[in-house]
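Please look at the sequence and the 3D structure below before reading on. The report that follows takes up a sheet and then the meeting of two chains.

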Amino acid sequence: MAIEFSKTTAVFQELVSVDEAEALLEWLQKKPSAKIDLSACTHLHPANLQVLMAAKAKVVAWPSSEMLRNWLEPILKP
Amino acid sequence: MNPLLEQFLSESRDFLQSIGDKLMRLESAPTDQDLINELFRLVHTLKGNSGLFEFPEMTRVLHAGEDLMVAIRTGRAAYSQEVADRLLDVMDFVGMLCDEVEATGVLGTSQSSLSAQLAAELRHLTPAPMEAPSAASALSADPGPMQGATNGHDQIIDAIPEAARLVAYREAQVGDLLLVDFKPDANCFYQGADPFRLAMQTPGLLGGGILAREPWARLEELDAYHCVLDYCILTDATRAELEEHFRWVPEQISLTPVSPIALARPQGDPNGGPVYEDFVSDAIRYLNAGDLNALERATKVLLELSNPNLWLSSALRWLLAILAKEPDLRVALRAVIESLTTLQPPDWMEIQHQAGAVVPAAMSAAEVKSQGPLNPAHASLVAGLLGRQREILALGDGAGWQPGRVQAAAATVGSCLRAGGDLAALASFETALATALATDAVNPLLAWLDRYLGSEATAIRAEEVSPTLTKSAPEKQSAPDDSSAQSTGRADGEPKYGRRAEDSLGPAKSLKVDQVKIDRLMNLIGEMVVSKNALPYLAGRAENVFGVRELSREIKTQYAVINRITDEMQDAIMQVRMMPVSFVFQRFPRLVRDTSRKLGKDVNLVLVGEDTEADKNIIEALGDPLVHIVRNSLDHGFELPDVRKAAGKPVTGSLTITASQESDRVLIEIQDDGKGIDPVAIKQKAYERGLIDEATVDRLSDQEAIQLIFAPGLSTAEKVSDLSGRGVGMDVVRTVIENLNGSIHLESVLGKGTRLCLSLPLSMAVTNVVIIEADGQSFGIPMDRVVETVRIPRKGIWTIKDRQVTVLRGRTMALKSLNELLGIVAAPKLNEDGEQAVIVVRLGDEQVGLVVDSFHETVDVILKPMTGILSGLAAFSGSALMGDGSVLIVLNIKEIL
């Protein structure tokens, strides 16, 4: 499982594939105020990205990869 | 080139041929539904096949072709002359791609744009499906009207974070950057695409941003798999590199050149406007006074005082960036400063428009400036080069390559001028060149060069003091584009894709031949082998009957030659009929997976030696027995995972199928590490079924006992499943293998596993038989049954009960008289020494001695099965024609014993 869901936080691990998007969406639908931890994420499929964008999810930790962070920060920052 | 690719190419040519054929036939019968279906199927298969390889160009056009065929098939589009033309074009194009692949092994990207164009033409002919086209496809199909383009680009630029744009601006070298607007297909996630990754891996990436295509739907209604994100990418890669990178999705990207200054679009919180008016007026004053240092200082101070998230700060950052990189670009600096009062990003297009070619030329200006005036060494070098070009042009020897020479000299002169930044001179030179080309004379050029070389030094200096740039620069930029456009225009009129209908396709490298023809050829070669055998008889007759020894020798020499050729012919036809065992093996991975899953077992299949070859008939006949064996092994052999674990074995069982070649036989070994065969249980079962008697139960060794699984009517499974266990199976397997002249050998260790070895001839065409004689008649016995031939003296034969036996090397062996078995009343003949001729044959694991009258030589024969009424005679496996024209009956040893 490339996304670990805890009570309030979804922790993205390494490569988050397209298959995770469905679960992520369901989880965010149940927990609109959830937090997202991307620090261990190396790449995420855009299906996940658009779910995060649509849910206006709150990112509490950005990816350590600067390049990924540069792409994600402008669109995921509130 | 790998075999798969070879096969693809050969098949593709067949497909293209039949597609062309069908298209022709459709012309005369445009409503023939069967033809249309067939055509669709061909295009569809070809497309599917091309998808196996990295040939996006090919797949794309074929996909478009397939869509068009679907439209025609469902009656949404009519078959027309134009459709046929386009489809034929496409097939020619695909043929050309195949040629390229065949020649180079790979498909370059050179045809990418042509492929996109062809696909677009086909799409144009394809009416949209009944449901409205999705927003995404409408977007990608229509890049937007031209007047909207500017705003569109600004929006895209805004999507790229400022930091990335600043980096791009600073790092941008001479020339324009490319802005990639990548709009992935809405359904691309279903095709396994990851557009984000693709965007991030863009070559020469300087920065990028992501834009949502539409306002976000409510989370409850969101479809995570409907792609709505567009990507804006800024790169300094070349167009070709980008086309290569996005070669799978050329229709989803649009490339726009942007000058770096156009990136300067401040962003941020617009709060806090007029307070900075002081700064604006100061800045304009500094700018007018040319005091850039003061401007920079003032900017830095204000930037430090401001909240970095403000629009103002962003504009100031841009101001600093421009100051650092292109301080001479006053217009740009002024525009940014003035934008502070309006809080609107400078409209670079408008500024560019007003100031003439300032913005695009700004780069050239910077270029010229950065290179500065030519230093004296370079200037003399340039003068030397120009002088040499003049000499070349002045040659005037009327050589056939004069136009090319003019072009070359002109190119050199042009480059010199560009390097020197002498754009005004370049313009006048271009005019001179145009005149020269138009009049087909070199005089205008010579005159120009004379003029220029005289005034060169002043020209450069003049250029230096007046950096006014003429509009000629962009014009000249576009000159090569025009010529390339012309050349592509010309190419359209020429034969497309290098081929015409009348072009021959070149010799095909492989043929498809009906098996009947191969069989006929094989039979003919077989007869040749047999008739060649007549030559030794002839030689013998020449010597013995006619007494011409000389002739006999010559016949024998000729025989040796013919013998060699026929051997090679036979070998060649065998090669044609050879097939790899992978033909049979390929079904096993699926079979093992499905069966083991059904049984709840965990089995790992290992296939070894799949490229081992054998005759087609053997390979084909091998299929069913192997399936039986593998099923049996899965069903009875392997234990359930729990049982395996308890027994200390790996939970995953291993089933290995190995094929190998040993001289003229193929060996196939099926080994499992299951529970093995329990000899006691087998004996018990066989006894219960009445297959063996009580005495045999005690007598049989374990290895002998497990051979009982080949006995008809024996099943070891506790219950009958739908897989195996009905007691037909192993006996059938053995029969089939033996009919193929093969043998089967079984070994099993209880608890460790079972090993089955099949040994089969490589080919069934030629059988080696030994000729024996019984009561004056000749019979053949297949050599693979024969162990040895011995002569046993009369007194070495005993009679036990009413059976004859002998002792051969310490072993008792049953003897049977062939005469008796064949129902011939005569008694076997003895030779002069009173010995019996005995041929020892193998029968399963036993050896039996056949008493015959005498042995003759062994021969290769083509065994023909008995036909008609005779086919009921199981005692004979067939007949063969001998070299002297006689017919030899070959015995089926297993049946008669």
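Two strands are said to pair if DSSP finds at least two bridges between them, where strands (E, at least two residues) and helices (H or I, at least four residues) are DSSP runs numbered from the N terminus. Residues are numbered from 1 along each chain as its sequence is written, while chains are lettered from A and ligands numbered from 1 in the order in which they are written. The model is predicted, and for that reason local features need pLDDT of at least 70, side-chain atom pairs count only at pLDDT 80 or more, and totals for chains, interfaces and linings use all residues.

In chain B, 5 strands form an open sheet in the order S6-S8-S9-S11-S10, with mixed pairing. Its edges are S6(B) and S10(B), each of which pairs on one side only, and from one strand to the next the twist averages 10° (axes are lines fitted to C-alpha atoms, for helices over the stretch in contact, and angles run from 0 to 180 degrees between N-to-C directions). S6(B) runs parallel to S8(B), residues 653–662, and 6 bridges join them; Val608(B) has Thr658(B) of S8(B) as its bridge partner. Helix H26(B), residues 588–599, packs on the sheet and touches S6(B) and S8(B), its direction making about 165° with that of S6(B).

Turning to the two chains, 21 residues of chain A are in contact (C-beta atoms, placed from the backbone, within 7 Å) with 22 residues of chain B. Three helices of chain A each supply at least two residues of the side that touches chain B:

| Helix | Residues |
|---|---|
| H1(A) | 20–30 |
| H2(A) | 46–55 |
| H3(A) | 66–76 |

The largest share of this side, 8 residues, comes from H2(A).
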